[in-house]
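Student: Could we go through this structure together? I would like to know what lies behind each label.

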Amino acid sequence: MKLKKQVTVCGGAIFCVAVFSLYLMLDRVQHDPARRHSAGNFPRSQISVLQNRIEQLEQLLEENHQIISHIKDSVLELTDTGAISPSGHLPFRSANGSWVLPFDGRPTFLSVKPLDCQFALARRSQTDLQMLDVYSLLSFDNVDGGVWKQGFEITYEPNEWDDEPLQVFVVPHSHNDPGWIKTFDKYYNDQTQHIFNNMVVKLAEDPRRKFIWSEISFFAKWWESADVHKQEAMRKLILSGQLEMVTGGWVMTDEANAHYFAMIDQLIEGHQWLEKNLGVTPRSGWAVDPFGHSATMPYLLNRANISSMLIQRVHYSIKKHFAATRSLEFMWRQTWDIESGTDMFCHMMPFYSYDVPHTCGPDPKICCQFDFKRLPGSRVNCPWKVPPRAITDANVAERAGVLLDQYRKKSKLFRSKVLLVPLGDDFRYDKALEWDQQYFNYQKLFDYMNSHPEMHVKAQFATLTDYFNAVYKANGVAPGTRPPDYPVLSGDFFAYADREDHYWSGYYTSRPFYKNLDRVLESHLRGAEVLYSLAVAHARRAGLEGRYPVSDYSLLTDARRNIGLFQHHDAITGTAKEAVVIDYGNRSLNENFIQCVDPIFLLFLRYLVLFNPIEQERLCVVTLLVNSVRVRVLTEDGQTLPVQLSAQWVSAVEMSGEVYQVCLFVSIRSWILKKASFKTYTLSCFFVQASFMARLPALGLAVFHLYDSADSPMTLRSDTLLRIPGRGQNDPQEVRVQIQFLTYGTRPSKDKSGAYLFLPDGNAKPYLQREAPAVRVVEGPLFAEVVAHYQHFQQTVRIHNVPGVEGLSLDITTMVDIRDQNNKELAMRLVTDIQSGDTFYTDLNGFQIQPRRYFQKLPLQANFYPMPAMAYIQDSQYRLTLHTAQALGVSSLASGQLEVILDRRLMQDDNRGLGQGLKDNKRTANRFRLLLERRSEETDKHPVDSRSVSFPSLLSHMTSTILNHDVLALPVLSRKHGVPPMRTFAPLAGTLPCDFHLLNLRSIQSLDTHSPSPYTALLLHRLGLDCGLEAQNPGFNCTTTQGQVSILT
């Protein structure tokens, strides 16, 4: 009763304060002299002010109503459960078996303005090409097209260019992978540095020569080693327009697995380097090798002031369809764009590859004859057995005519008489001889064409922007503007197939260990960026700038570049050689931009600093390893926190813990538990897990004191139930969500699954093992969990007893180890009764949601898509979202299902150039959050799957954020004398609207590479919300502000 009275008094006091505050505000509004106007004659400005004040009052009333409701609910819950502690201490177990924790004392509310929900409901502008509709239209029949195997025969009339000559822009390029068959350094030393050294000399020989370059990671490495004369010569080529930097990212990023934080970060790193060293900004995007293309990329390039872009790896049937309708150039618009503000002009290359045989025209046999590196005597030749011939006065007329025929046929696939012809391949132009072979022979062809008016063609070397500017000029529009009658497209280009049923959907999961590591390091990098920027700003404001170690900035720069390097389309994809993958890992882990945290807290006095890297206050459970069961945790002001102790397990049935006997049977919803035998263990006590609940400030630091103390009522040990295999039976029990594990094999034919391709041998088969799994249940005041041990994986499902976001979803971790398997892929399938039909939703790069559809006309592997952050299914009542902490492949092969590929072990190459299978698997933890949401009654009655655009709920956004940004624990050794001078650091003066995500707070590099400039980049992402799902209390004060943020400097 004492606790009940305290809560009631507290609630009454808050209510009185709230009412009195409202009274004062009303009194202020009533007596404001500015509102004393006669006979209701109010100017419009005053009416607007009055309306704003009324809205503020309504908001305040709503917030106070939320507070009072939560207080009331807390009091009723305590009363109904008979939650009276026998000893008067908290936490304790109530009469109905639930745990009662100390009252947090901070009522919270959720207040989302209706206008902030309108974006998701607004009508979208119509597009000419919606990729889901294109997929529905196409038959994907792969008919032999003749010389253009995946296309069709192209014809033209000879006089079509009489009135307007054909403009041909030949763009020399060299695609340099920053790691694939060789490591980054090996490629640079063997080939790339020679490309740059030759470039400086050979481009300067003739001002008509042009070239493009994209990978700034390589260029920066060359620049740092080049002497001042080479640097100046290179700068001159760039400023004169002979050499163009395209896209300008640190790498040519993967677009399937990469998170948009890392995509933006590597783009900023490249652009900042170019601006600082060369004073240039890229104008065109170039992406010839990513294995499929995301709609996120054109948006990011658009925001980076790039006006045009090029893509290459698109499903061959889509290329054929777009070529037949002359839609290979289009305005790429975001599916969620209400108007046309996100439009990006995009050129899709029409043929199989970006190499020379597949770029001059539809016939690779002929085009290969104009790749002059393949002249007789070279190490490379033409597979079609007809070699190139050097251009001479004797054959130039015939050769020019043959080449022009290919140019004309290719131009028939486009809407303008301006033609792009890339001229290059992987690591081309590393020898001076090739520069001469290509440029001399092509210049002879161009001179002949241009000097014969009857050919009606003007051919030249060009940069990518030269081509795009010519297209805009031919159509009479400004750069980046939609030419008349050019189509508008929305959607993306996954999954990619280059031939037959060879879908590149395997790399969505390949090497999940490194995909998981990448996401962890991204979160650490972001945390380091934020803390560093805040620390420098704090030091400057306090006049201590000279004492702050800004020299550490170089470590931050190295970390950015190494994580940026891993976004390369052969790195995060898991498609590089084993030695190269190890090199990527060493680069990332050797950069100590955040020191690895020792999780062991010893008996003597220790302090713990927790950093909350997200932009909202956070109420969460923190788990540490300690070597004492008598641990006590205190807050900065001396308040003792509830602690839950759990055993540290060394195997499925062996724990490292105190001698005790399991005596409690625990039932956790959505899991089937069987009658179990109990076993008593007598083991030595060394390490145990200590978990406590902490409230952390937004982007701030909180200090906690851990010390060895006699057991207190606030320290409780978890109850554990262990089910021994084969010791009992249980009747079947229906559950709402069933988790199944399955395996895929690879087909027995010549073509098999590999690092890139997913070529299964049929439908998945249930995962089977001879013995039943060992299952244990751990239960306590802060969390309860079920752990099931199988031969090749261990699954942990945990429920947190925490108010707010962390307690509203299931925490699922699947530890996978398939190192003893051959040609097997392990999948996890969620089976529900949600009536989702053939529609499901996946995210693109953690940035936006793309609706998907299961197509029976396509093979199984074609229905898998990348899932960097989440996927969900829904019907008119429920939405089930699987959040992920690492990129994996996902599908929905039947109504009510979601299926995720967890790991792949494949013994052979899939003939895409790697020359290896996937045999370097590691024991990998795949982390998920499973969130079930109910649709509110106020939601409109239109079918939820009828829209081409979808958004996560606010709760879903928050769940993804906490999953991908763990609290960072920083242990502090105690001093010999006194207490360390530490206190809580809360950098935000106010709360950030909860529909905003602080993507990064990034110090800008100064001219000195080793120190920051006075400027900091603040990257904010306003989230699109689906407000049609029932709102839940997030555990902190959550409001929206119609897109307005106050920033005080």
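Tutor: Start with the link of C117 and C1027, which is left-handed, with -85° about the S-S bond. Keep in mind that this is a predicted model.

Student: What makes C117 and C1027 a disulfide?

Tutor: The distance between their sulfur atoms is 2.1 Å. The cut-off is within 2.5 Å. So the pair of C117 and C1027 counts as a disulfide.

Student: Which parts does the pair tie together?

Tutor: C117 sits in the loop between β3 and α3. C1027 sits in the loop between β44 and β45. The pair therefore ties together parts that are 910 residues apart in sequence.

Student: Why is C117 called buried?

Tutor: C117 has 12% relative accessibility. Buried means under 20%. So C117 counts as buried.

Student: And why does C1027 count as partly exposed?

Tutor: The value for C1027 is 31% relative accessibility. Buried ends at 20% and exposed is over 50%. C1027 falls in between, so it is partly exposed.

Student: How many disulfides does the whole structure have?

Tutor: Four. Number the bonded cysteines of the protein chain in sequence order, and the pairing reads 1-7, 2-3, 4-5, 6-8.

Student: How do you know that C994 and C1038 form a disulfide?

Tutor: Their sulfur atoms are 1.8 Å apart. That is within 2.5 Å, so the pair of C994 and C1038 qualifies. This link is right-handed, with 75° about the S-S bond. C994 lies in the loop between β42 and β43, and C1038 in strand β45, so the pair ties together parts 44 residues apart in sequence.

Student: Why are these two cysteines, C994 and C1038, called buried?

Tutor: C994 has 4% relative accessibility, and C1038 has 0%. Both values are under 20%, so both cysteines count as buried.

Student: What makes C368 and C382 a disulfide?

Tutor: S to S, they are 2.1 Å apart. The limit of 2.5 Å is met, so C368 and C382 are joined. The link is left-handed, with -100° about the S-S bond. Both C368 and C382 are buried.

Student: Why are C346 and C620 called buried?

Tutor: C346 has a relative accessible area of 0%. C620 has 1%. Each is under 20%, so each counts as buried.

Student: Now the helices. How do α6 and α8 cross?

Tutor: Their axes come within 10 Å and cross at roughly 35°. The crossing of α6 past α8 is left-handed. The contact is made by I216, F219, A220 and W223 of α6, with G270, W273, L274 and N277 of α8.

Student: What classes of residue make the contact of α6 with α8?

Tutor: Six are nonpolar, two are polar and none is charged. Gly counts as polar, so G270 is one of the polar residues.

Student: Which strand does β5 join, and what makes the two a pair?

Tutor: Strand β5 (residues 166-175) joins β13, and the two run parallel. At least two bridges are needed; β5 and β13 have five, so they pair. One bridge partner is V457 in β13, for L166.

Student: Which residues are on the covered face of β13?

Tutor: V457, A459 and F461 are on the covered face, while K458 and Q460 are on the uncovered one. In a regular strand, side chains alternate between the two faces of the sheet.

Methods. Residues numbered from 1 in each chain as written. Predicted model: local features only at pLDDT ≥ 70, side-chain atom pairs only at ≥ 80, totals over all residues. Heavy atoms only, no water. Buried < 20%, exposed > 50% of the residue type's maximum accessible area, 1.4 Å probe, protein only. Helix = DSSP H or I, 4+ residues; strand = E, 2+ residues; numbered from the N terminus. Axes fitted to C-alpha atoms, helices over the stretch in contact; angles between N-to-C directions. Left-handed = near helix turned anticlockwise from the far one by under 90°. Contact = heavy atoms within 4.5 Å.
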